[in-house]
Amino acid sequence: MAIAASARSAIRAALACAVVASAAAVVTAPSTTLAQEAQPPAVAPAATTREPGTQQITILLVRELVDRLPPLSLLDQPPKDDGIAGARLAIDDNNTTGRFLKQSFSLDTLEASDPAQLIADTVARVDKGAGFVVADVAPDTLVKLADALAGKQAVIFNTSAADERLREEDCRANVKHTAPSYSMLADGLGQYLAVKRWRNWLMVTGSNVDDKLWADALRRAAKRFGHKIVEEREFKYEVGSRRSDGGYEQIQQQIPSFLQGAAAHDIVIVADAARLFADYFPYRTWEARPVAGSAGLFATAWHPAVELWGGTQFQNRFKRLANRNMRPLDYNVWTAVRSVGEAATRRRSADAKDLISYMLTPEFEIAAFKGRKLTYRDWNGQLRQPLLVATDKLHVTVSPQPEFLHQFSELDTLGVDKPETRCRAYAK
Amino acid sequence: MTNKLRGVLPALTLASVVLAASPAAAYTVFVTNEKDNTISVLDSVKLEVVNTLKVGARPRGITLSRDNKWLLVCTSDDNRVEVYDAKTLAPVKHLPSGPDPELFIFHPSGNPLYIANEDDNLVTVVDVQNDKVLEEIPVGVEPEGMGISPDGKILVNTSETTNMAHFIDTATHKIFDNVLVDTRPRVAEFTPDGSQVWVSSEIGGTVTIIETATRKQLGKIKFEIQGITPDAIQPVGVRMTQDGKWAFVALGPANRIAIIDAKTFQVVKYVLVGQRVWQLGLTPDDKLLFTTNGTSNDVTVIDVEKQRAVKSIKVGRYPWGVVVAPF
């Protein structure tokens, strides 16, 4: 069996000392290779005494604290460190690599509920040299933040907003998107339903603005992959308290009667961006039909049960760090912070200007447990990535489906493609 | 067949000379089945499964002791290395391995064993005679590939998320150099003369050739297959013939292996095998190459001289590692 944890850490501590002690004896490596350096192992807390010549890279995590209605299921309650834990893991991963290159990464977090204050604070940090802004903010805030940072030496990663306009008419050249867009999510689902030939969709849309955007993307996917929306119904949902003693008795009556008399369909597609009511639909439909979209079968950037492509070790590292499952926001933030780390490794540089321009080249790619390299689209800064099409428990498939081909990259069958884009900021 | 041969050979030394020269010496091929928790035992002449051995959870890396007495398996989810008698397949013992062992390699002297612990960013050095962990060497994120120079002085470990080949001095157990390679390096393999290390990068889609003495990049092999998208070409397993002429690289979901002229670094041929081919094993006479095809649950046998596949053999589910014993 493995040796006891205490013994292991003792060995580590001893090793760290030994490495430091022997640093002077290390022969200087040729310039094409990377000299071994004497940082303690990454398991130690961030180095307090930094060697001269260590490159410091600070990543700024900017979070807008938004009052959101709680999701229906107790299982879906967002943890307080949603996204932050993903950033911490990526910083750890960057540092494990960085100690071989004399690079040290650290995380700074800004949080505010007032967007104006959040933007002002971020600008102040950027003016002091922070070049990498990882944002979990509302769509309007993202655009304002991008404009406030225009012309400065900084790049923003959008990790949470799926809104298409941020990649299209409101795109900005200083913004990258690790979060998949609504159209990518809809296409990922739509492709699989096409493979299954579940072609006739009964669509149910919530009445929030975000629900309409999500529904637009689903309609676009339906057209793109040959589906037919046989009927659309708007679900007007009065948000009450999420909890009450009882409640299912009424829902059991409401949902079937809401769906009664619909045109013949293969599947019920629910567009509920915030998952406020979609989970009421599975097993309560009038007809015996599956549910997809925002409940039942859904597309997502990450799933806590995925162990494909070396994902096991990734999930394990996260759980050890955060004591919970990795959520899609954690994954999107991890990918953003790792992008900076990967650029720093490849360029052996901490210079924001250098790294930002390197991230715009076709050479830049990252491995992010998706079984293939991920790259950023050069027309709108969107991360190309396979999407998991999953139930709450397990992935069912991974899109793009092999049946859908593309002249450049199959990943571009998900979302708005280059010939269709309305983004002009990147064309310059 | 193998048992019969073993019985007859010692008595007939003359016959053994004749047999050694014949093209079809019988070897035993061991294949780990990651999903089944078993090892398929194949006969290299019959080209069929002759035995199936139940082992611990999630068997991946597999090797033989340098004296060929022991068969060792990384049972990753049981966090140990299991040791079996290579001939009788009787369990011998478990070695302490550190968590989640994936691949390992013996020092040419037969001891110690160097193990990559994928889940803990460590290479564990284990004395296999006394079952003791001698040292844990911190490396990059998700260590996997393990190669050792023929003189035993240099150990190379690759870390999948750090994207480096770490050069470790086996006398001091210290990293003395790190070479950045393309994304997700999976396997490190020294050339038989020890002058080069070949490192496969699964996501990067390349094999980097590093000069051992200088750690300079001598070349980088890229792969191109008509009708296969570049993203699906994912190099993993690397093996070379002992004469240093040929190298073989398994290309994952491209479902092919590349045959490479090891002197010029040119791909001379792609051979279609099963699905998601990862690891490779050569017979001791370098005549046959066995490939583990994870998602089609089989191994493909390649005739090295003719450079073509001769048979696919069904094994267990998700075959992962392969090693060939000289008996």
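A residue counts as buried if 20 or more other C-beta atoms lie within 10 Å of its own, as exposed if 12 or fewer do, and as partly exposed in between. The exercises below apply to a predicted model.

**Exercise 1.** Determine whether Arg197(A) is buried or exposed, and describe its backbone.

Solution. Start with the location: Arg197(A) sits in the loop between H5 and strand E7 (200-206) of chain A. Next, count neighbours: 10 other C-beta atoms lie within 10 Å, so Arg197(A) is exposed. Last, take the backbone: phi is positive, about 60 degrees, although Arg197(A) is not a glycine. This positive phi comes just after H5(A).

**Exercise 2.** Apply the same steps to Asn37(B) and state its exposure class.

Solution. Asn37(B) belongs to the loop between E1 and strand E2 (38-43) of chain B. Its phi is positive, about 60 degrees, and Asn37(B) is not a glycine. It has 19 C-beta neighbours inside 10 Å, and therefore counts as partly exposed.

**Exercise 3.** Check the length of helix H5 (residues 182-196) of chain A against the expected span, then find what covers the helix.

Solution. The expected span is 1.5 Å times one less than the number of residues. For the 15 residues of H5(A) this gives 21 Å, and the end C-alpha atoms are 21 Å apart, so the two values agree. Turning to burial, 12 of the 15 residues are buried, and H5(A) is mostly covered. Among the buried residues are Tyr182(A), Met184(A), Leu185(A), Leu189(A), Tyr192(A) and Leu193(A). The cover over the buried residues includes helix H6 (209-224) and the strands E9 (267-271), E10 (291-293), E11 (298-300), E14 (387-390) and E15 (395-399) of chain A.

**Exercise 4.** Classify the packing of helices H2 (residues 84-98) and H8 (residues 311-322) of chain A.

Solution. Two packed helices are described by the angle between their axes and the distance between the axes. Here the axes come within 10 Å and cross at roughly 115 degrees. The range from 65 to 115 degrees counts as roughly perpendicular, and H2(A) and H8(A) are therefore placed in that class. The handedness of the crossing is right-handed. At the contact, Ala85(A), Arg88(A) and Leu89(A) of H2(A) meet Arg317(A), Phe318(A), Leu321(A) and Ala322(A) of H8(A).

**Exercise 5.** Describe the environment of Phe235(A).

Solution. Phe235(A) is part of strand E8 (residues 228-235) of chain A. It has 21 C-beta neighbours inside 10 Å, so it counts as buried. Leaving out residues up to four places away in sequence, its contacts are Val204(A), Thr205(A), Gly206(A), Phe258(A) and Phe277(A). One of these, Phe258(A), is 23 residues away along the chain, with a C-alpha separation of 8.2 Å from Phe235(A).

**Exercise 6.** State how strands E1 (residues 28-33) and E28 of chain B are joined, and how far E28(B) is covered.

Solution. The two strands run antiparallel and are joined by 5 bridges. Within this pairing, Val31(B) has Val322(B) in E28(B) as its bridge partner. Strand E28 (residues 319-325) of chain B is mostly covered, with 6 of its 7 residues buried.

**Exercise 7.** Locate the cis peptide bonds that precede Pro400(A) and Pro112(B).

Solution. In chain A, the bond joins Ser399(A) and Pro400(A), with omega about 10 degrees. Pro400(A) falls in the segment after E15 of chain A. In chain B, the bond joins Asn111(B) and Pro112(B), with omega about 5 degrees. Pro112(B) is in the loop between strand E8 (101-106) and strand E9 (113-117) of chain B.

Definitions and conventions: Residues are numbered from 1 along each chain as its sequence is written. Chains are lettered from A and ligands numbered from 1 in the order in which they are written. This is a predicted model: local features need pLDDT of at least 70, side-chain atom pairs count only at pLDDT 80 or more; totals for chains, interfaces and linings use all residues. Helices (H or I, at least four residues) and strands (E, at least two) are DSSP runs, numbered from the N terminus. Two residues are in contact if their C-beta atoms, placed from the backbone, lie within 7 Å. Two strands pair if DSSP finds at least two bridges between them. Axes are lines fitted to C-alpha atoms, for helices over the stretch in contact, and angles run from 0 to 180 degrees between N-to-C directions. Angles under 35 degrees count as roughly parallel, over 145 as roughly antiparallel, 65 to 115 as roughly perpendicular and the rest as oblique. A crossing is left-handed if the near helix is turned anticlockwise from the far one by less than a right angle, and right-handed if clockwise.
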